[in-house]
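Here are my notes on the model you sent over. Have the structure open while you read.

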Amino acid sequence: MAPPSGGGLRQRGPGRHPDHERLALSTESPVATFLFTDLEGSTRLWEQQPDAMRPALAWHDRVSREVVAAQGGRIVKTTGDGIHAVFEQAAGGVAAALELQRLLQADESRFGVPLRVRAGLHAGPSEGRDGDFYGPVLNRAARLMSVAHGGQVLLSQAVAEAARNHLPA
């Protein structure tokens, strides 16, 4: 379902990051790619190493914003220790997820806690409302993320086919 006229991605709600207005999907092309991420084991890490987690999570959030923006996407919202992002192009979503994994793994010892992110991507039509998205496509992306292990990026067939010619070898 297409976002309602005047709705969709341009709306800003309380607590939304200023970059949220940057990406606007056309109502004529309601198909988008959605990325969900989650930091594996974060509850345990917060309980065992709260002083290390504060700067580590802040760094995770900054890196997430930067890689999503660099690939033409926008963060719809943060989820405590993960993100929900939207991209017009599947290849941008995949590239952002892979770059996030690469950067977090390369700097794993920076804060003394492992930041093992699991990610899931799915593409399809959704309903845009109040700066957020709704529908089965988002449920599928979130479920893919939930079955991934830290360090994994899982793609639906829709994303894999859409990004096929743009995926790294």
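The points below go from confidence and layout to helix 2, the cores and the salt bridges.

1. Confidence first. This is a predicted model, and the chain averages a pLDDT of 84, with 82% of the residues scoring at least 70. The stretch to watch is residues 1-29, where the pLDDT is below 50. That stretch still has 57 contacts in the model beyond near neighbours in sequence, so I'd flag them for anyone reading this file, given that pLDDT is the predictor's confidence in each residue.

2. Overall layout. The chain has five helices and seven strands, and along the sequence they run β-α-α-β-β-α-β-β-β-α-β-α. Of the contacts between residues at least 6 apart in sequence, 72% join residues at least 24 apart. Buried residues account for 43% of the 169 in the chain. The accessible surface comes to about 8,500 Å², and carbon and sulfur atoms hold 49% of that.

3. Helix 2, the backbone. Helix 2 covers residues 50-70, which is 21 residues. From first C-alpha to last it reaches 30 Å, close to the 30 Å expected at 1.5 Å a residue. After the helix comes Gly72, with a positive phi near 80°.

4. Helix 2, the packing. Which residues of helix 2 are buried? The list is Ala52, Met53, Ala56, Leu57, Trp59, His60, Val63, Ser64, Val67 and Val68. Many of the gaps in that list are easier to read with the helix geometry in mind: with 3.6 residues a turn, residues three or four places apart point the same way. The partners of these buried residues are strand 1 (31-39), helix 1 (42-48), strand 2 (73-78), strand 3 (83-87), helix 3 (90-106) and strand 4 (117-125).

5. The largest core. The largest nonpolar core has 15 residues, and Leu35, Val68, Ile83, Ala85, Phe87 and Val159 touch the most other members. Strand 3, helix 3, strand 4 and helix 5 (157-163) each put in at least two residues, and helix 3 gives the most, with four. Ile83 is worth clicking on: leaving out residues up to four places away in sequence, it touches Leu35, Phe36, Thr37, Ser64, Val68, Ile75, Lys77 and Thr78.

6. A separate core. Apart from the largest core lies another, of 14 residues, including Leu39, Leu57, Trp59 and Val63. Of these, Leu57, Trp59 and Val63 also appear among the buried residues of helix 2. As a general matter, nonpolar side chains in soluble globular proteins tend to be buried together.

7. Salt bridges within helices. How many salt bridges does the structure hold? Six. One of them links Arg62 and Glu66, with the closest N and O atoms 3.2 Å apart. These two are four residues apart in helix 2, so about one helical turn separates them. Arg62 is partly exposed at 37% relative accessibility, and Glu66 is partly exposed at 45%. In helix 3, Arg102 pairs with Glu99 at 2.7 Å; being three residues apart, they too are separated by about one helical turn. Arg102 is partly exposed at 47%, as is Glu99 at 27%.

8. One more pair. The side chains of Glu127 and Arg129 meet in a salt bridge, 2.6 Å from N to O. Glu127 is partly exposed at 26% relative accessibility, and Arg129 is partly exposed at 34%.

Methods:
Residues numbered from 1 in each chain as written. Heavy atoms only, no water. Expected span 1.5 Å × (residues − 1). Buried < 20%, exposed > 50% of the residue type's maximum accessible area, 1.4 Å probe, protein only. Contact = heavy atoms within 4.5 Å. pLDDT = per-residue confidence, 0-100. Salt bridge = Lys/Arg side-chain N within 4 Å of Asp/Glu carboxyl O. Areas by Shrake-Rupley, 256 points an atom, 1.4 Å probe, with all protein chains shown as cover. Core = buried A, V, L, I, M, F, W, Y, C linked by side-chain atoms within 4.5 Å.
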